[in-house]
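Colleague: I have just opened this model and would love a friendly tour. Could you take me through it step by step?

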Amino acid sequence: MQPFSLKWRLGICVAILVVAIIAVLSVTAYVQFRETLKTGVDSALLSQAEAVTVSMAADDSLLEARKEIQAFFGPINDTKSPVYRVWFEDEQDDYVASGLQENWPLDWDIQSTEAPAIGDHKFFEASRGEIPYRLLWTRDPDPRASSSTKQSLNIIIAAYDGHVDSQIGDFLQVLLIMGVVVIMLSIGATLLLLKWGMKPVAGITTKMNDITGKNLNQLSSYVTDAPSELRPFVRAWDEMIERLALAMQQQRRFTADASHELRTPLAIVKSTLQTARSRERSSETYESAMDQSLEDLERLEHLIEQLLALAHLDDIESQSDWRTVNLENLVADVCEQSLPFAEQQRGTLKWQVCPAKINGSDEQLRRLLANLIDNAIKYGPKASEVSVSMRSLNGLVNILVHDKGGKIPVEEQKLIFGRFYQIRKARKRASSSTGSGLGLALAQEIAQKHRGSITVQSNPKNGTDFVITLPHI
Amino acid sequence: MRVLIIEDESRLAMNIAQVLKESANFAVDVCTEGVDGLHLAKTNPYDLIILDLTLPGMDGLDILGKLRSAGKTAAVLILTARDTSSDIITGFDTGGDDYLTKPFDMGELVARCKALVRRAYGQTHPKVKVGKLTIDTVARRVKFNNSEVRLTAMEYRTLEYLAMRAGQIVSKTDLLEHLYDFNWERFSNVMEVYISALRRKLDPDRKYDLIETVRGQGYLLKEN
């Protein structure tokens, strides 16, 4: 399932939040509102009871009092008019005053209600038929000054209670409509806000689309107004671009160098053969043209071999031929194979080995060592000794290739491992080169692939040392 | 016609030089280094320079730029392994007249060189006609009054140069500088020998005063 888009996620979050806020507000408002309404009814009832008590106290004649109370409450017009009953304790049957002609309070469910203590009052709910009433029952000592009896005066006043619920109902309805509107508005506002907020992102995306391999520009060069939240992103992107540009530049330079190095010997061979063929020539001329071409083709063959080895090294699958390699045998083997070349250059090659096993590619490790030994024989002084020695220490194995040269300047010692470095240098110095320019680069990349390294030390006094360091099993 | 080859692979340069001498009858100088190449190109009146770009000492494009800003008008053919269109465009924009990528075909290189030299002297037809004289620069044959004339390489070279500059007075120094590479010893009287040989071979009866000697100034190949 596709994840929700940012705007819907945020929209839904905001909607839930708004619903929760409205719910809490509604409940609070409902409780508060209902309380206020009830309190209003109750205080009205209390003041009415107060008035009845006062008229009872003022008028000695019950008849007068009754008239006054009836006048106070007025006639009962409808069900919403207050209903009341005033009586003395021991005169249950004979009430002082009543708002209803019928037999109050038989059809009211008051019997089950316990009377309040003398001097006290209580509120309760009751209903007549379907109509809800709020009732106040006060029970006071006889307020009449003339009375000597200690009978208590009961007053029950019932007030129509329905309007409280209907008002709360109206209130809730308004609240509900408002809530829905607010939720809709908040979702809409969120979407708009998000769209506005994401505008810089859309802008940056457009700019990003302009960035191609040929045009690796820094994003910050054209996004100058990125909001602070996006600045780390732009920075990170630029750093990535920088790394990519560097890699691409190296790749381009390598391709240019490789194509130059491949085309040049090809051009020489072609021109040599075409020159020889351009007219009738002596057989010696043909022979020398063929010999030269063969020589050039060998140079080309060597270069292609090294290039393919490099390409193979870059291959992800290149670890498929890895196994445990007996380095002791391998070093001895490679040295033995290089001996004829050393003797051809009228030099010697000596080696000394020690037991070591490492995990890696036999073929690549052979190439690594052979390249270093070849270099030592080729670029060391003519007719001198090259020595290979081996040492195992702290889980690492060192292979040292030593020659009596020592002409590599310190500032060049790191650069010689670059692809085609030798050739670029040769171009500057006008000296012709015989190598492919890839030997050391290849050696270093093989060592790194085996989690190892190659270092070089060179000075005229001690000669040149190439040290291969590899982790052994 | 005199050509300079600036190319660091000396074997390649030598092959080109040999073919240009043999099949175009050019005088050819070879230089395998950038700084020396620039010096040679500046101090000699070459008709054509074949220029490699990847050179020791100085980059080929730098050489070209410096030559052009020094006011040198020699045709320049860039011969390089760099083959992207941006390289080619830069080559032309720096002042190159032609661009050939390695590896190349010798025949094509020679044909391009001939065309460039022809153009440099305002000629468009591979057969140069001056009055009754016709020089086929491709086959290197000379006809006068519709009859073929056999010339030695140096005689042909001299006549071709005079024909390219027909109607102009060409000094002896000019002739020497354009017809000999720097390995030759230059004796000015050698020119007189060639000129008189040409006069004899082209016009044995001395009916036409084809190559006029302008006293103290040089030679003039008349257009009519």
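Modeller: Happy to, and please keep in mind that this is a predicted model. A good place to begin is a strand pairing in chain A: S392(A) has a bridge partner in β10(A), and that partner is V397(A).

Colleague: How many bridges pair β9(A) with β10(A), and in which sense do they run?

Modeller: Strand β10 of chain A covers residues 396-403. With two residues between them, β9(A) and β10(A) form a hairpin, and N394(A) in the turn has a positive phi of about 45 degrees. The two strands pair in the antiparallel sense, over seven bridges.

Colleague: Which residue of β9(A) is the bridge partner of Q352(A)?

Modeller: Start with where Q352(A) sits, which is strand β7 of chain A. That strand, residues 348-352, runs parallel to β9(A), residues 385-393, and five bridges join the two. Leaving out residues up to four places away in sequence, Q352(A) touches S389(A) and M390(A). The bridge partner of Q352(A) is S389(A).

Colleague: Is Q352(A) buried, exposed or partly exposed?

Modeller: To count as buried, a residue needs 20 or more other C-beta atoms within 10 Å, while 12 or fewer would make it exposed. Q352(A) has 13 C-beta neighbours inside 10 Å, so it counts as partly exposed.

Colleague: Let's move to chain B. What is the order of the strands in its open sheet of four?

Modeller: The pairing in this sheet is antiparallel, and the twist averages 25 degrees from one strand to the next. β6 (127-130) and β9 (147-149) of chain B each have a single partner strand, so they stand at the edges with one side left without a neighbour in the sheet. The order is β6-β7-β8-β9.

Colleague: Which residue takes a positive phi in the hairpin of β7(B) and β8(B)?

Modeller: Strand β7 (residues 133-136) and strand β8 (residues 141-144) of chain B run antiparallel, joined by four bridges. D136(B) is paired with R141(B), and I135(B) with V142(B). Four residues lie between the strands, and the one with a positive phi, near 55 degrees, is R140(B).

Colleague: And which residue has a positive phi in the turn between β6(B) and β7(B)?

Modeller: These strands run antiparallel as well, with four bridges joining them. K129(B) stands opposite T134(B) in β7(B). The hairpin has two residues between its strands, and the turn residue with a positive phi, about 60 degrees, is G131(B).

Colleague: Which side chains of β7(B) are buried?

Modeller: In a regular strand the side chains alternate between the two faces of the sheet. β7(B) shows this alternation, with T134(B) and D136(B) pointing to one face and not buried. Pointing to the other face, and buried, are L133(B) and I135(B).

Colleague: What angle does helix α6 of chain B make with β7(B)?

Modeller: Helix α6 is made of residues 153-164 and packs on the sheet, where it touches β6, β7 and β8 of chain B. Its direction and that of β7(B) make an angle of about 115 degrees.

Colleague: Within what arc do the buried residues of α2(B) fall?

Modeller: Helix α2 of chain B, residues 34-43, has G34(B), G37(B), L38(B) and A41(B) as its buried residues. Seen down the helix axis, they line one face, because they fall within an arc of 100 degrees.

Colleague: How many residues are in the largest nonpolar core?

Modeller: Among the members that touch the most others are V3(B), I5(B) and L77(B). I5(B), for example, is in contact with residues including A13(B), V28(B) and I50(B). The largest share of the core, seven residues, comes from α1(B). In total, this core has 68 residues.

Colleague: One last thing: which helix gives the most to the side of chain B that touches chain A?

Modeller: The contact takes 19 residues from each of chain B and chain A. On the chain B side, they divide into nine nonpolar, five polar and five charged. Eight residues come from the helix that gives the most, covering residues 10-24: helix α1 of chain B.

Definitions and conventions: Residues are numbered from 1 along each chain as its sequence is written. Chains are lettered from A and ligands numbered from 1 in the order in which they are written. This is a predicted model: local features need pLDDT of at least 70, side-chain atom pairs count only at pLDDT 80 or more; totals for chains, interfaces and linings use all residues. Two residues are in contact if their C-beta atoms, placed from the backbone, lie within 7 Å. Ala, Val, Leu, Ile, Met, Phe, Trp, Tyr, Cys and Pro count as nonpolar, Asp, Glu, Lys and Arg as charged, and the others, Gly among them, as polar. Two strands pair if DSSP finds at least two bridges between them. Axes are lines fitted to C-alpha atoms, for helices over the stretch in contact, and angles run from 0 to 180 degrees between N-to-C directions. The arc is that of the directions from the helix axis to the C-beta atoms. A nonpolar core is a set of buried Ala, Val, Leu, Ile, Met, Phe, Trp, Tyr and Cys residues joined through C-beta atoms within 7 Å.
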